[in-house]
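Work through the exercises below with the sequence and the structure side by side. Try each task before reading its solution.

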Amino acid sequence: EVGRALRFPQLSIATALVFMHRFYARKSFQEYDRFIVSCTCLLLGGKVEETPKKLKDVLSEAYKKRFNVKASEVPDPESRKFWEMREQVLVTERILLQTLGFELSLEHPYRELLAYVKSVTMSRDFAQLAWNFVNDSYRTLVSLQYDHKTIAAAAVAMAAAHNQVQVRDRLTWTWPYSTRSYSTTPG
């Protein structure tokens, strides 16, 4: 919600979510506050995807969402409370970078998804449904378990199953620029 409120592109939000999943795969929820880590991931995700936002804006919007308050109730950026949150995010950014091993480049499934949908001339609604499946996958740990091409293939397969349509021969197909085949047959 915070990413959308800040008008981050979907790619920046997805990057932030992967960073957060990777971070908490190695660190404890008890040791690191989710509010601070999520702000840090959004900030870093924006930087990595070249859609940066000011730390002040990220903290203000996140504070509004977390505490369900109006903009007028967010601590003043010059206040001590805001300054402490800002410092926590900056310290956490260094910890996040170290935890991620400074590996910040990600391959997202969107490009492969669109390439495949275009290659088989599926409808815009089909493409949107598959895109939504990819977006929803970021709410899970799938991005830690499978590569981006497998996630895209699964999204296409789920969209095909949902719409009860065949995708090519419904047995296997190959992504452009790949030598690996993916099955769209259930089971």
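**Exercise 1. The second largest pocket**

Which residues line the second largest pocket?

Solution. The model is a predicted one.
Step 1. List the lining: Phe133, Ser137, Val142, Tyr146, Thr150, Ile151, Ala153, Ala154, Ala155 and Met158.
Step 2. Assign the residues to elements. Two or more of them come from each of α7 and α9, and α9 gives the most, with six residues.
Step 3. Sort the lining by class. There are eight nonpolar residues, two polar ones and no charged ones.
Step 4. Add the volume, which is about 150 Å³.

**Exercise 2. The largest pocket**

Describe the largest pocket by its volume, its lining and the helices that contribute to that lining.

Solution.
Step 1. The volume of the largest pocket is about 890 Å³.
Step 2. Its lining consists of 28 residues, and Glu1, Val2, Ile13, Leu17 and Arg139 are the ones nearest the centre.
Step 3. Two or more lining residues come from each of α1 (2–5), α2, α3, α4 and α7. The largest share, eight residues, belongs to α2.
Step 4. By class, the lining holds 15 nonpolar, six polar and seven charged residues. Charged residues are thus found in this lining, whereas the second largest pocket has none.

**Exercise 3. Helix α2 and its residue Val18**

Compare the span of α2 with the expected one, then describe the surroundings of Val18.

Solution.
Step 1. The helix has 17 residues, so at 1.5 Å a residue it should span 24 Å. The C-alpha atoms at its ends are 25 Å apart, which agrees with that value.
Step 2. Find the buried residues of α2. They are Ser12, Ile13, Ala14, Thr15, Ala16, Val18, Phe19, Met20, His21, Phe23 and Tyr24.
Step 3. Look at what covers them. The cover includes α1, α3, α5, α6 and α8 (142–145).
Step 4. Turn to Val18, which is in helix α2. Val18 counts as buried because its relative accessibility is 4%, and the cut-off for buried is under 20%.
Step 5. List the contacts of Val18, leaving out residues up to four places away in sequence: Leu106, His108, Tyr138 and Ser143.
Step 6. Take Leu106 from this list. Val18 and Leu106 are 88 residues apart in sequence, yet their C-alpha atoms are 8.6 Å apart in space.

**Exercise 4. Helix α9**

How many residues does α9 have, and which of them are buried?

Solution.
Step 1. The helix has 16 residues. From first C-alpha to last it reaches 23 Å, close to the expected 22 Å.
Step 2. The buried residues of α9 are His148, Lys149, Thr150, Ile151, Ala152, Ala153, Ala155, Val156, Ala157, Ala159 and Ala160.
Step 3. Go just past the end of α9. There Gln164 has a positive phi of about 55 degrees.

**Exercise 5. The nonpolar core**

Which residues have the most contacts inside the largest nonpolar core?

Solution.
Step 1. This core has 49 residues, and those with the most contacts inside it are Phe35, Val37, Cys39, Cys41, Leu59, Val89 and Leu113.
Step 2. Name the elements that give two or more residues to the core: α2 (10–26), α3 (34–48), α4 (55–67), α5 (80–99), α6 (110–119), α7 (124–137) and α9 (148–163).
Step 3. Take Cys39 as one case. Not counting residues up to four places away in sequence, Cys39 touches Val58, Leu59, Ala62 and Val89.

**Exercise 6. Glu61, Glu50 and Asn68**

Is each of Glu61, Glu50 and Asn68 buried or exposed?

Solution.
Step 1. Glu61 is found in helix α4. Its relative accessible area is 13%, so Glu61 is buried. Apart from residues up to four places away in sequence, Glu61 touches Val2, Ala5 and Leu6.
Step 2. Glu50 is in the loop between α3 and α4. Its relative accessibility is 70%, so Glu50 counts as exposed.
Step 3. Asn68 lies in the loop between α4 and α5. With 72% relative accessibility, Asn68 counts as exposed.
Step 4. Check phi in the two loop residues. Most residues other than glycine have a negative phi. Glu50, however, has a positive phi near 60 degrees, and phi of Asn68 is positive at about 50 degrees.

Note on methods:
Residues numbered from 1 in each chain as written. Predicted model: local features only at pLDDT ≥ 70, side-chain atom pairs only at ≥ 80, totals over all residues. Heavy atoms only, no water. Core = buried A, V, L, I, M, F, W, Y, C linked by side-chain atoms within 4.5 Å. Buried < 20%, exposed > 50% of the residue type's maximum accessible area, 1.4 Å probe, protein only. Helix = DSSP H or I, 4+ residues; strand = E, 2+ residues; numbered from the N terminus. Contact = heavy atoms within 4.5 Å. 1 Å grid on protein atoms, 1.4 Å probe; cavity = no way out; pocket = protein on both sides within 12 Å on 5 of 7 lines; lining within 4 Å. Points joined across faces, edges and corners; volume = space filled by probe spheres on them. Nonpolar A, V, L, I, M, F, W, Y, C, P; charged D, E, K, R; others polar. Expected span 1.5 Å × (residues − 1).
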